[in-house]
Amino acid sequence: MTRYHLRYQLAPGQDPAALADFCAGHGVEEVVLIYNSEELHTGHPVGADEDLWFETVRAARDLLVDRGVSVSLNPWVTVGHVDRGRTQDVGFAPLVSPYGEVATAAASPACPVWREWLAAHYGRFAEIGFRVMWLEDDFRYHNHRPLTWGGGFEPGILERLGLDATREELLAAITAPGEPHPWRLLLQRRWREIQLEVVDLVRQAIGGRAKLGLMSSGLGIASVEGRDWGRMFERVEVHRPHFAPYGDTAAADLSYSLAMLELQRPLRPAGVEVAPEIENWPHTEWTKSDTQTWSEMVAAHLSGADALLLDVFPFVTGAPARYPRVGRMLTASRPALDATLTPDLTTYGVGVPWWQDTAASVEGDGSLRGLTADPLRAADFLLPYGVPIQGGAAPVTALFGEVAWGVPDPLELLRGGLLLDGTAAAILTRRGFGDLLGVRVETVVDRMTPSATPYSMERIVDGGALLSVNEQRRMARLVAEPGTDLWTEIVTARGEHWGAGRVAAVNALGGRVVTMAACEPERLGRCDDGRRLAHTAVAFAGADLPLVTGGPQLMAQYARVGGRWRLAVVNGSADPARPEVLLDRDPTAVLLAPLTEPRPVPVTRRAAGRVTVEADVPHRGYVLFEWD
C-alpha cells in the first residue's frame, strides 16, 4: 500500500484531534511533526520556548499514536536556514561566508556551544518516542541567506586547517583556475569531518530510541562541501531526497526530477529507507497544481520510494479543514500510486555517472560556485528525447561538462560506448586521452568573444538540414580525425565551415565514441532532427534500449521490476501524445492519467520494430508498458 507521511506543524495550543481525523480519512500512515518552523520560528529553541514546543509535540504525538498513526519528528533547524532579520543570543559562533559576511542567526557546525545545544535538544525530544528523527536540510554549509554561497569559513573551522593563511588567501587558493590547490582538498576533508562528528553526536544523543533521517539537496553542491555519502549513510537510516521544484513548472522540467531520483539511488546502500520530498511552497494548490503533485508522487514511486514525505499544508494551517482539496488530491492519487509501487527495481539506460569527490578535481573560476559540476546535464539532454538513463556508468555512458574532471579511470569509459559534449572532450584531451576520442579539440570558444566568423548553425551532412547553435554560450572547435564519421558540421551565418559538429568514432580500444561540439547540448533547440541524431548516437555507441518517439518531451524509465520488464513513459508536453517505442516485444500497457483510476489501453505493432499505444497520454500522464 502507498505510504503517506505527512509533514505537519501544530501551533502551540492547537488541538491535534483534527489532524488525526484527517489521517484516518485519507490513509495517512505517519505524521512527521515539524515545529518552531518558518512563520513560527523564533530561533534555536531554548528555555521557555523549547519547553513550549516540547509539550506541544508530546501532546500531539500521544494523541496520534493512540489513534493508530505513526509519528516522526522534524526539528526545523540544525545550523539554521535563513537569517530573515533574526538574531540569536545563545552563544553560538555564527556562520561566516567565504567573503567574510557574518550570519546573525545561523550557527557554525564547529561551534562547541551549538553542538552541546543540538545534542541536548535531540536527546530531550527523543524521550517522547518517535519512529524517525530528521536532520533538516539546513545541515550543510551552502545556502544560508543572506550569506553569499554560505558558511564554513568561521574561525573555528579555519583553525582546524592548521594553515598560516587568511580567509582571503584560502578562498583564492581553493577556487583558483588551473590544477586544484592542495588546500581545497584539505578544506573539504575538514568540512566532511565536522559534519560526521555532528551526526555522531546526534546519534549518541538519540541513543537508539529513533532512526535518524537525512534531508538532502543537490549532488554537485554537496561535492563542493566534500560530503562522503558512504560514511554518511553508515550513520543515517532514512533518506529524504529533494527532487522536484517547490512550485508549478513546465512539464518539460520533469527531466530534472526524474534524473535527481535516479542519480541519488546509487548513493544509498540496501536497507536505507527512502521517502522523497513531495513539497510545494508556500504549501497550497495556488503554488503547485494537484496534477503536478500527482505526477511527482508517481515518479517517486516508480523510482522505488518506500514512502512519500508530503509537505502539502502551510505551516500556519490552523486545521486541515481549511484546505479540503489536499485530502481529495491524496485520495484520488492513491489508485495510481498503488499501481506504481516498485519494491524491486533495477534501471537500465544510458549511464549518467557521478563521483562524489568531483569538486576536488574541477578547475576553479575564482568562486565556490564555480567548483560545482552538475551531473544532471547529460540526463537533461537525453530524457526529453525519449532516451532512458541510469545512475552511474553503464555499457553506454554520457559524460558532459566539468564532471569529466572527476572520472577516476577514463579508460574504463573509453573502452565502452561514450557520448561526450565539447567540454568533456576538451577535459579528456587535457587529461591525456585525446587520441581515443576520434576528434582533435583545437579550442573551446566563448560566444561573447569577438570573432570574424562566429558559430551559428549545425548542418547535418546527410541531407543538409540546419539546426541552430546560436544560443550555445561555448562551443568546442573540433576536427574529425581520419577514419571517423562526420555527422554534422558547425557553420557560420554565411554557411562557412567552422568546425566538426558531431563525430562518431571507433577507437583503438574498441570503444565507440560520439563527440558533440556543443558545450551545453541540453540547451540546443530541440526538434525531430535533434532527437534522431540523439537516437543515432545512442545506437552507434552500442545501447540496446527501447527508445521513444511519438511527440516532444516524452521521457522514459526502463527497468526490470519483479521479474518483468517495464518502460514507464511520461508526457512532458502540454499536448496529448501517443508514444511509439522501438521494441521487438509485444507489451501490455496501462494508462495513468492524473488523479484517475489506471486503465489498460491497446498497443499496436507498427513497421520498423515499433509499437504504439492507442490512447492519448495527457499532460504529465504516464503509460506503463510491460512484458516478460
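The following is a conversation about how some labels on this predicted model are justified.

Colleague: What makes W229 and F233 a stacked pair?

Modeller: Their ring centres are 6.0 Å apart and their planes are at 25°. Rings pair if the centres lie within 6.5 Å, and planes under 30 degrees apart count as stacked. Both conditions are met, so the pair is stacked.

Colleague: Where do W229 and F233 sit along the chain?

Modeller: They are 4 residues apart in helix 8 (residues 229–233), separated by about one helical turn. In general, an α-helix has 3.6 residues a turn, so residues three or four places apart point the same way. Both W229 and F233 are buried.

Colleague: Why are F313 and Y323 called edge-to-face?

Modeller: The centres of these two rings are 6.4 Å apart, with the planes at 65°. The distance limit for a pair is 6.5 Å, and planes over 60 degrees apart count as edge-to-face, so the label applies. F313 and Y323 both lie in the loop between strand 11 (308–311) and helix 11, so the pair ties together parts that are 10 residues apart in sequence. Both F313 and Y323 are buried.

Colleague: Which residues form a cluster through ring pairs?

Modeller: Y8, F22, F313 and Y323 are linked in that way. The structure holds 20 aromatic pairs.

Colleague: F22 is in helix 1. How do you know that the buried residues of helix 1 line one face?

Modeller: The buried residues of helix 1 (residues 17–26) are L19, A20, F22 and C23. Seen down the helix axis, they fall within an arc of 155°, so they line one face. On the other side, A24 and G25 are exposed.

Colleague: What covers the buried residues of helix 1?

Modeller: The cover includes strand 1 (4–8), strand 2 (28–35), helix 2 (47–66) and helix 11 (324–339). Just after helix 1, G27 takes a positive phi of about 70°.

Colleague: What makes the phi of N36 worth a remark?

Modeller: N36 has a positive phi of about 55° although it is not a glycine. Most residues other than glycine have a negative phi. N36 lies in the loop between strand 2 and helix 2. R620 is another such case, with a positive phi of about 65°, and it lies in the loop between strand 31 (610–613) and strand 32.

Colleague: Why are N36 and R620 called buried?

Modeller: N36 has a relative accessible area of 2%, and R620 likewise has 2%. Buried means under 20%, so both qualify.

Colleague: And why is E197 called partly exposed?

Modeller: Its relative accessible area is 27%. Buried ends at 20% and exposed begins over 50%, so E197 falls in between. E197 is in helix 6 (residues 182–206). It touches R115 and R160, not counting residues up to four places away in sequence. The C-alpha atoms of E197 and A110 are separated by 9.3 Å, with their positions 87 residues apart along the chain.

Colleague: Which peptide bonds are called cis, and what are their omega values?

Modeller: The bond from R145 to P146 is cis, with omega near 5°. The bond from W281 to P282 is also cis, with omega near 10°. Most peptide bonds are trans. P146 is in the loop between strand 6 (132–135) and helix 4 (155–161), and P282 is in the loop between strand 10 (277–279) and helix 10.

Colleague: Why are strand 12 and strand 29 called edge strands?

Modeller: The open sheet has 6 strands in the order 12-25-26-32-28-29, with antiparallel pairing. Strand 12 (345–348) and strand 29 (599–600) each have a single partner strand, so one side of each is left without a neighbour in the sheet.

Colleague: How do you know that strand 12 and strand 25 pair?

Modeller: Strand 12 and strand 25 (residues 554–561) share 4 bridges in the antiparallel sense. At least two bridges are needed, so they pair. L345, for example, has V561 in strand 25 as its bridge partner. Helix 10 (residues 290–302) packs on the sheet, and among the strands it touches are strand 12 and strand 25. The direction of helix 10 makes about 25° with that of strand 32.

Colleague: What makes the S367 and G370 pair a polar contact?

Modeller: The backbone nitrogen of G370 lies 3.1 Å from a polar atom of the S367 side chain. The limit is 3.5 Å, so the distance meets it. S367 lies in the loop between strand 13 (350–352) and helix 12 (377–382).

Conventions: Residues are numbered from 1 along each chain as its sequence is written. This is a predicted model: local features need pLDDT of at least 70, side-chain atom pairs count only at pLDDT 80 or more; totals for chains, interfaces and linings use all residues. Side-chain values use heavy atoms; hydrogens and water are left out. Helices (H or I, at least four residues) and strands (E, at least two) are DSSP runs, numbered from the N terminus. Contact means heavy atoms within 4.5 Å. Axes are lines fitted to C-alpha atoms, for helices over the stretch in contact, and angles run from 0 to 180 degrees between N-to-C directions. Buried means under 20% relative accessible area, exposed over 50%, partly exposed in between (1.4 Å probe, protein chains only). The arc is that of the directions from the helix axis to the C-beta atoms. A polar contact is a pair of N or O atoms within 3.5 Å; within protein, one must be able to donate a hydrogen and the other to accept it, and residues adjacent in sequence count only if both atoms are side-chain atoms.
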